[in-house]
Amino acid sequence: KIILELFLKKIKLNVAFHQKISSAKKKTVRFLEGKMTKNNPTKKKIAFICVHNSCRSQIAESLAKHFRGDEFDFYSAGTETKPQINQDAVRLVKKLYGIDMEKTQYSKLISDIPSVDVAISMGCNVTCPYIGKDFDDNWQLDDPTGKSDEEFIKVINIIEEKVRSLK
């Protein structure tokens, strides 16, 4: 009888121990999921907007995710799309940062991204499109499409500097 009582007591202790461990594991998983999910509701959502979403806004999205992705959720979009991201942008961002934008990004419409907390215009040269809200900032970047690598790199460097200073 004593052996049976000791055995049952041990089983109860084991069950209680495993329940505590299981509860701690669940809390840890929930915490990690909350910190690591792509669309964490506690992270500010920032979108980079261009007309075609094929060059500057794509560069900004890739560099922002690379340098600040643990702090914010980033998107890029446009009022029109192109069949592919600007190939000079793809080549230079890959060369300079090792980021292959074509693996994780594509040209998107504003309606393809969630509503955002901050909308940043890359610079529209004439008139920026209406996106359903006012822009929070306009980086006024010249479009480097069709220009030399040096001009592209100047724009890329400005984007990196602005991304690093986001608050």
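These are my notebook entries on a predicted model of one protein chain.

**Entry 1: the whole chain**

I began with the overall make-up. The protein chain has 5 helices and 4 strands. Reading from the N terminus, I wrote down the order of its elements as α-β-α-β-α-α-β-β-α. The chain has 167 residues, and 37% of them are buried. For the accessible surface of the chain I noted about 10600 Å², with 55% of that belonging to carbon and sulfur atoms. I also looked up how far along the sequence the contacts reach. Among contacts with a separation of 6 or more, 70% join residues 24 or more positions apart.

**Entry 2: helix 2 against helix 3**

Next I turned to the helices, starting with helix 2, residues 56–68, and helix 3, residues 87–97. How far apart are their axes, and at what angle do the two helices pack? I found the axes 11 Å apart and the angle at about 20°. An angle under 35 degrees counts as roughly parallel, so helix 2 and helix 3 are roughly parallel to each other. Their crossing is right-handed.

I then listed who meets whom. From helix 2 come Ile59, Ser62, Leu63, His66 and Phe67, and from helix 3 come Ala89, Val93 and Tyr97. Sorted by class, this contact has 6 nonpolar residues and 2 polar ones, with no charged residue.

**Entry 3: helix 2 against helix 5**

I stayed with helix 2 and looked at its other partner here, helix 5, which covers residues 149–164. The two axes come within 9 Å and cross at roughly 45°. That angle makes helix 2 oblique to helix 5. I noted a right-handed crossing for this pair.

On the helix 2 side, the contact is made by Arg56, Ile59, Ala60, Leu63, Ala64, Phe67 and Arg68. On the helix 5 side I found Val155, Ile156, Ile159, Glu160, Val163 and Arg164. Which classes do these residues fall into? I counted 9 nonpolar and 4 charged residues, and no polar ones.

I went back to my list for helix 3 and saw some familiar names. Ile59, Leu63 and Phe67 of helix 2 meet helix 3, and Ile59, Leu63 and Phe67 also take part in the contact with helix 5.

**Entry 4: helix 3 against helix 5**

One more helix pair was on my list. Helix 3 and helix 5 cross at roughly 65°, and their axes come within 11 Å. This crossing is right-handed.

Helix 3 brings Asp88, Ala89, Arg91, Leu92, Val93, Leu96 and Tyr97 to the contact. Helix 5 answers with Asp149, Phe152, Ile153, Ile156, Asn157 and Glu160. By class I wrote down 8 nonpolar, 1 polar and 4 charged residues. Ile156 and Glu160 were already in my notes, as both belong to the contact of helix 5 with helix 2.

**Entry 5: Asn53 and Gln84**

I moved on to the loops. Asn53 lies in the loop between strand 1, residues 44–50, and helix 2. Its backbone caught my eye: Asn53 has a positive phi of about 50°, although it is not a glycine. Is Asn53 buried or exposed? Its relative accessible area is 0%. Buried means under 20%, so Asn53 is buried.

Then I looked up Gln84, in the loop between strand 2, residues 72–78, and helix 3. Gln84 is partly exposed, with a relative accessible area of 45%. I checked its distance from Asn53 too. The two residues are 31 residues apart in sequence, and their C-alpha atoms are 9.4 Å apart in space.

**Entry 6: Gln140**

My last stop was Gln140, in the loop between strand 4, residues 137–138, and helix 5. Gln140 has a positive phi of about 50° and is not a glycine. Is Gln140 buried or exposed? With 63% relative accessibility, Gln140 counts as exposed.

Which residues does Gln140 contact, leaving aside its neighbours within four places in sequence? I found Ser121, Met122 and Gly123. For Ser121 I also noted the spacing: Gln140 and Ser121 are 19 residues apart in sequence and 7.4 Å apart in space, C-alpha to C-alpha.

Notes: Residues are numbered from 1 along each chain as its sequence is written. This is a predicted model: local features need pLDDT of at least 70, side-chain atom pairs count only at pLDDT 80 or more; totals for chains, interfaces and linings use all residues. Side-chain values use heavy atoms; hydrogens and water are left out. Axes are lines fitted to C-alpha atoms, for helices over the stretch in contact, and angles run from 0 to 180 degrees between N-to-C directions. Angles under 35 degrees count as roughly parallel, over 145 as roughly antiparallel, 65 to 115 as roughly perpendicular and the rest as oblique. A crossing is left-handed if the near helix is turned anticlockwise from the far one by less than a right angle, and right-handed if clockwise. Contact means heavy atoms within 4.5 Å. Ala, Val, Leu, Ile, Met, Phe, Trp, Tyr, Cys and Pro count as nonpolar, Asp, Glu, Lys and Arg as charged, and the others, Gly among them, as polar. Buried means under 20% relative accessible area, exposed over 50%, partly exposed in between (1.4 Å probe, protein chains only). Accessible areas come from the Shrake-Rupley method with a 1.4 Å probe; for residues, only the protein chains shown count as cover.
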